[in-house]
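Subject: Structure for you to look through

Hello,

Here is the structure I said I would pass on. Please open it beside this email, since my notes follow directly below.

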Amino acid sequence: MNTFLNIMIDGLAYSMVLFVISVGLSVTLGLMRFVNLSHGAFAMVGGYCAALLTREAQWSFWLAVPAAVAATAVLGAALEMLVLRHLYRRKELDQVLFTIGLSFVLIAATNAAVGPQVQLIPLPSLLAGSVDLGFRTLPTQRLLVIAAGCTVAALAAWAVTRTRFGIWLRATVDHSGTASTLGIPIRTVQCASFAAGAALAGLGGILGAELMPLEPYYALKYLMLVLVVVAVGGMGSIAGTLVAAILLGLIETASKYLASEWGSLFFFVAMAVLLAWRPNGLLKR
Amino acid sequence: MNTITTTEALAAPAAATAAAAPRGAPAWRAPLVVLVLGAAACALAPDQLGLMTRIFITALLVLSLDLVVGVAGLATLGHAALFGVGAYAAGIFALQVHPDPLIGLAVGIAAGAGLALLSGAFLLRYHGFTFLMLTVAVSQILLSLAQRARGWTGGDDGLSGFVMVPLLGRFEFDLEGRVAACYALAVLVVLFYVARRLVGSPFGLAVRGIHENPVRMAALGTPVFRRLWVLYTVAGAIAGAAGALSAQTNAVVGLDSLSFALSAELLVMLILGGAGRLTGAIVGATVFTLLHHTAASINPYHWLFVVGTLLMLVVVVSPAKVWAWVRRRAGGVR
């Protein structure tokens, strides 16, 4: 019973990190039809910025995190405006190759600039402690992760379905030509949604720094996990991504607790079964 | 870019069958060129035979990937699974049953084809992104299994300790790797010829047709699933042969032969050389392996810079366009 509760709580924290990183990719992949494999690199950039700002520049954690997220958003927006928008109409394979190449260059640049060692983000005293749950103590940081995940899910769903920006985004996706003649600034919409996706990836990189250690190969190591979550959840579906992240996060955590000698076997078996059952995403028939 | 590949895709098999296209090259010409160039390279650089062997094996592997990606149009990121299974099968066979290289090669081919047959029956029911992710799943599941079955595969330490008996009972595998290089080159040339014939055959044309338009091919009466399944199995056999060659010439099989990184690198090589043309696979594998050899010996992160920049360049300046330009310059004769 105790193990079960442990799995549930650790798995939930892990799932939320997966979700926060994946949801941005799900939006660019599903809504903008752009296969962005440098998404893992955005998460890495966010984490590195936060680590360097808190450790080297001695910023407060609460100031460094928004700054790092903003920096990732700016990087995403700049890349989108300069290069990536020219690839929207290209074949998927071209997009895959370009963004993988971009990840490679970012990995090499990170290593050249900061070095190959694992980066830690020092936590403020408020988060460094732990909460007593009765059956175990839980690091307060995990609670923040779970809360942030839920907030992101709610905000993203609200932004896409309820706000004017969400309406513009969906109109641009459905038919950019018509949307443009109706006066919707489609370039701004595309750029802003790409930047938002990058910012969320950066946030996920910061939140998950304790579960997924930040090092230069981070961008490729966890890219596969994120792609799996997006594929299983269905591209462009925020609810589907959430469900997939929770399911797969729980399975991965459970297999680490109960059958660690099998590696990621159960994670990928689960993915294959879920994808075979619902090829277009968990919540789409 | 799409239209260019389409016209070339249609021109290539016609050129491969001597009867169909009077101006085109016969199927044996490109393999013969590879044989001559490979032998010349080995003769000119006798101290680099290990590198040559690696190039031949990689070329064979990318060739099999080209059948899947370039000819059949199935984007896969799990091709290393077929290679790794062939390598492990050949290694385990040499260790436990009999260390003859040619029988081992047959075992590797059978293992690659067997896995492709089994996984293809499941994978080929899906398309596009789902297919891509499922191929990744298959290779990752195999990787986890290989890691777990330490008794058979040696786990993280790799499978080693097998010594091959002389090839054909006469040619012993020497330390300089002369026999290994000739052996790998011979297998590459033979299988390249087989692949060329296959692509130029009515079967190959049907597969190309499916690549262009599966719905129309189905309407014409082509059994789409079965054609793709056979092609995937053949590609698996060739990848298994490459795996067996790698196991026998290196005398060690590591878990990296099943890794995702290998699958991704293979795809990079294929795109670099130009997909769908078979010769492009061999050019891409050669260029990539040579680049890797020079850049990685300096610093592995430098290597990432090089390959990353190369990838972005390939997208901006498409090799297919460059090939078309070169061919126009050469007067349209392949």
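In helix 3 of chain B, Leu61(B), Val62(B), Leu65(B), Asp66(B), Val69(B) and Gly70(B) meet three residues of helix 12 of chain B, namely Leu266(B), Met269(B) and Leu270(B). By type, the residues of this contact between helix 3 and helix 12 of chain B are 7 nonpolar, 1 polar and 1 charged. Helix 12 of chain B covers residues 260–273, and its axis lies 10 Å from that of helix 3 of chain B, at an angle of about 75°. Angles of 65 to 115 degrees count as roughly perpendicular, so helix 3 of chain B is roughly perpendicular to helix 12 of chain B. Please keep in mind that this is a predicted model.

Now for chain B as a whole. Chain B has 15 helices and 2 strands. Its C-alpha trace spans about 50 × 45 × 40 Å along the principal axes. Does the radius of gyration of chain B agree or disagree with that of a compact globule? The two agree, because a compact globule of 334 residues would have a radius of gyration near 20 Å and chain B has 19 Å. Of the 334 residues in chain B, 50% count as buried. Take the contacts in chain B between residues at least 6 apart in sequence: 76% of them join residues at least 24 apart.

Two loop residues of chain B deserve a look. Ala251(B) has a phi near 60°, which is a positive value in a residue other than glycine. Ala251(B) sits in the loop between helix 11 (224–250) and strand 2 (252–253) of chain B. Leu278(B) is not a glycine either, yet its phi is positive, at about 65°. The loop that holds Leu278(B) runs between helix 12 and helix 13 (279–296) of chain B. Which of the classes buried, partly exposed and exposed does each residue fall into? Ala251(B) counts as partly exposed, because it has 16 C-beta neighbours inside 10 Å. Leu278(B) counts as buried, because it has 24 C-beta neighbours inside 10 Å. The cut-off for buried is 20 or more.

Next, where the chains meet. On chain A, 29 residues are in contact with 28 residues of chain B. Helix 4 (92–114), helix 11 (223–233) and helix 13 (265–277) of chain A each supply at least two residues of the side of chain A that touches chain B. The largest share, 13 residues, comes from helix 4 of chain A. That side of chain A divides into 22 nonpolar, 4 polar and 3 charged residues.

The largest nonpolar core has 197 residues, and those that touch the most other members are Leu248(A), Met271(A), Leu60(B), Leu188(B), Ile238(B) and Ala241(B). Helix 3 of chain B, residues 49–71, gives the most to this core, with 15 residues. Which residues does Met271(A) contact, leaving aside its neighbours within four places in sequence? They are Val228(A), Val232(A), Leu248(A) and, from chain B, Ala137(B).

One last residue is Leu225(A), in helix 11 of chain A. Leu225(A) is buried, because 23 other C-beta atoms lie within 10 Å. Its C-alpha atom is separated by 9.5 Å from that of Phe268(A), although the two residues are 43 residues apart along the chain.

Regards

Terms used: Residues numbered from 1 in each chain as written. Chains lettered and ligands numbered in written order. Predicted model: local features only at pLDDT ≥ 70, side-chain atom pairs only at ≥ 80, totals over all residues. Contact = placed C-beta atoms within 7 Å. Helix = DSSP H or I, 4+ residues; strand = E, 2+ residues; numbered from the N terminus. Nonpolar A, V, L, I, M, F, W, Y, C, P; charged D, E, K, R; others polar. Core = buried A, V, L, I, M, F, W, Y, C linked by C-beta atoms within 7 Å. Buried ≥ 20, exposed ≤ 12 C-beta atoms within 10 Å, placed from the backbone. Axes fitted to C-alpha atoms, helices over the stretch in contact; angles between N-to-C directions. Parallel < 35°, antiparallel > 145°, perpendicular 65-115°, else oblique. Rg over C-alpha atoms; globule rule 2.2 N^0.38 Å.
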